[in-house]
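Subject: Structure handover, with notes on the ligand shell and the packing of helices and strands

Dear colleague,

I am handing over the structure we spoke of, and I would be grateful if you could read the notes below with the coordinates open beside them.

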Amino acid sequence: MNVIIIGGGVIGTVLTHLFSLRGVNVTLINSGLQKPRFPLIHSKLLRFPEDIRLARISEDVYMELSRELRVDVLRPMESITIIPEACYNDALHIMSMWYEVGAKVRVISDVHEYGLKRVNDQEIYIFSTNGDNFVNYLSLMNRVHKIDGVNYINGTATIKFSDHDVRVLINDNELKGDYVILASGAWNSIMIRNAGLNVPLLPYKCQAAAFISRGISTIVYDYVLNIYVRPLGLRIDNALNKLGLSIIVGGDGNSKVTEPGRDRGVDREFLNEVRGKVRARLGRVLLIGSRFGYCEITPDMRPVVGTVGSENLLLIGGFNGYGAEVGPALALAVVNYVISGSWPDYARPYLIDRFGNNWPSTWDIGVEAHELCV
Ligand SMILES: Cc1cc2nc3c(=O)[nH]c(=O)nc-3n(C[C@H](O)[C@H](O)[C@H](O)COP(=O)(O)OP(=O)(O)OC[C@H]3O[C@@H](n4cnc5c(N)ncnc54)[C@H](O)[C@@H]3O)c2cc1C
């Protein structure tokens with residue numbers, strides 16, 4: 001069996017490892033347009049039961065990769081979820097689902113010792129262990145190049161449909177595989193559109209800002225101010241921690257639909273807004289950098305998998321801001337589909353068929369499926 005994977009980002013990397021561990025021949029084509037520069041968050045503290053299940057299975061996938069590749073892919077992190085009192089009853093139900101997947105959660109009365117400030121009197125703090133991890137994607141990506149038998153091609157692929165078959169074109173060559181898997185993130189919909197079809201996917205710009213702050217060691221999901229804040233998670237943290245400082249990364253869910261390459265930098269309004277909110281929660285911080293990339297959404301803000309245009313073209317995408325949280329479980333579902341011909345039950349809510357032929361030509365970015373209190 002030969003598979004061609006187009007895109008070596010978060011999903012393509014996991015797919016490549018999983019296929020090759022199962023003895024499937026892989027050709028991975030990657031244009032290298034974007035890759036994570038710091039560990040990504042994997043969190044089971046999500047809103048929907050189906051997503052929580054994916055996050056749980058993704059954790060198993062990461063553990064398999066840690067074992068097989070002999071590298072610590074996951075680094076457990078503590079987190080504090082801050083919610084308005086008004087959403088506590090809803091949160092109680094969600095917290096019981098977190099508990100079922102192994103997260104230990106408790107309400108705490110004060111967050112001062114974690115370097116955080118109370119912003120108003122109607123907020124509740126949920127402290128969690130075993131709910132979150134940092135994922136070392138940099139090492140997973142570096143190891144892809146070293147897998148025996150993986151044909152790694154640096155370049156930009158295009159696809160063409162002919163006679164219900166899909167052809168992959170790269171560097172003036174045509175490649176053939178039993179399956180072609182499109183894992184090109186924000187570029188998925190553009191590639192498919194260029195091949196004459198449409199899919200319910202849109203690219204958008206996702207952004208983050210980096211600050212120097214007092215020492216922070218927990219991830220903070222703040223649904224009062226609608227931001228997240230997290231330590232950078234690189235070695236430099238240790239040196240700064242000795243000085244009582246941290247580099248933290250923060251962002252919010254706000255962004256705009258735009259095609260990759262159209263924008264030149266991080267939006268000034270984004271930086272001003274995030275800086276103001278991070279200061280409200282952490283006190284004095286110094287903005288030291290910012291970064292943007294391109295992410296991808298579906299009309300219902302949940303990921304998609306399934307065949308498109310041809311029985312042997314599989315699409316996996318639409319991960320917006322939580323690809324490292326739920327993506328590996330769907331990557332495993334794709335691997336199972338290719339090997340056994342059927343989708344595992346947990347993947348069914350994400351099949352592309354749920355949209356039928358009925359989706360808008362464009363739509364706004366909604367609330368990300370992992371956000372609480374909406
Ligand atoms: C700053 C920032 C921070 C984030 N933090 C988190 C986090 O902490 N946790 C989390 O879960 N998510 C996070 N995300 C979101 C996460 O990065 C995405 O959900 C995830 O990358 C989606 O994975 P993907 O493989 O679908 O797309 P990508 O990771 O974008 O990978 C797509 C790859 O396809 C390649 N490609 C595109 N077109 C072609 C082509 N024609 N031929 C060959 N290759 C091609 C690109 O070079 C790219 O490498 C963050 C995003 C940003 C920008």
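What follows is a description of the ligand surroundings, then of the sheets and of the helices that pack on them.

Please keep in mind throughout that this is a predicted model.

The ligand shell

Since the ligand may be your starting point, I begin with the residues around it. There are 37 residues around the ligand, and of these Gly7, Gly9, Gly185, Gly293 and Gly323 come nearest. By class, the shell consists of 18 nonpolar, 16 polar and 3 charged residues. Several elements each supply at least two residues of this shell, namely α1, β2 (25–30), β3 (40–43), β12 (202–214), β16 (286–297) and α8. Which element gives the largest share of the shell? That is α8, from which 4 residues come.

The six-stranded sheet and the helices on it

An open sheet is formed by 6 strands in the order β7-β2-β1-β11-β18-β17, and its pairing is mixed. At the edges stand β7 (151–154) and β17 (304–308), each of which pairs on one side only, and from one strand to the next the twist averages 20°. At the β17 end of that order, β17 is joined to strand β18 (residues 310–317) in the antiparallel sense over 5 bridges, with Val308 standing opposite Ser310 in β18. Helix α1 packs on this sheet, where it touches β1 (2–6), β2, β11 (179–182) and β18, and the direction of α1 makes about 165° with that of β2. Helix α8, for its part, lies across β1, β11, β17 and β18 and runs at about 170° to β18.

How α1 meets α8 and α4

The two helices that contribute to the ligand shell also pack against each other: α1 (residues 10–21) and α8 (residues 323–340) meet at an angle of about 40°, and their axes are 9 Å apart. Because of that angle, α1 counts as oblique to α8. The crossing in which α1 passes α8 is right-handed. On the α1 side the contact is made by Val10, Ile11, Val14, Leu15, Leu18 and Phe19, while α8 brings Gly323, Ala324, Gly327, Pro328, Ala331, Leu332, Val334 and Val335. Sorted by class, this contact of α1 with α8 has 12 nonpolar and 2 polar residues, and no charged ones. You will notice that Gly323 belongs to this contact and is also one of the residues that come nearest to the ligand.

Helix α1 has a further helix contact, with α4 (residues 137–144), where the packing angle is about 55° and the axes are 10 Å apart. This angle, too, makes α1 oblique to α4, but the crossing of α1 and α4 is left-handed. Here Val10, Thr13, Thr16 and His17 in α1 meet Tyr137, Leu140, Met141 and Val144 in α4, which by class gives 5 nonpolar, 3 polar and no charged residues. Val10 of α1 thus takes part in the contact with α8 and in the contact with α4.

Strands paired with β6

Strand β6 (residues 123–135) pairs in the antiparallel sense with β3, which belongs to the elements supplying the ligand shell, over 4 bridges, and in this pairing Ile41 stands opposite Phe134 in β6. Strand β4 (residues 74–84) also runs antiparallel to β6 and is joined to it by 10 bridges; Pro76 stands opposite Asn133 there. In addition, strand β5 (residues 104–108) pairs with β6 over 5 bridges, again in the antiparallel sense, and the bridge partner of Val107 in β6 is Ile126.

The three-stranded sheet

Finally, 3 strands form an open sheet in the order β8-β9-β10, with antiparallel pairing. The edges are held by β8 (158–162) and β10 (173–175), each with a single partner strand, so one side of each is left without a neighbour in the sheet. Direction ignored, neighbouring strands of this sheet are turned by 35° against each other on average. Strand β9 (residues 165–170) is joined to β10 by 3 bridges and runs antiparallel to it, and the bridge partner of Val168 in β10 is Leu175.

With best regards

Technical notes: Residues numbered from 1 in each chain as written. Predicted model: local features only at pLDDT ≥ 70, side-chain atom pairs only at ≥ 80, totals over all residues. Axes fitted to C-alpha atoms, helices over the stretch in contact; angles between N-to-C directions. Parallel < 35°, antiparallel > 145°, perpendicular 65-115°, else oblique. Left-handed = near helix turned anticlockwise from the far one by under 90°. Contact = placed C-beta atoms within 7 Å. Nonpolar A, V, L, I, M, F, W, Y, C, P; charged D, E, K, R; others polar. Near = placed C-beta within 6 Å. Pairing = 2+ DSSP bridges.
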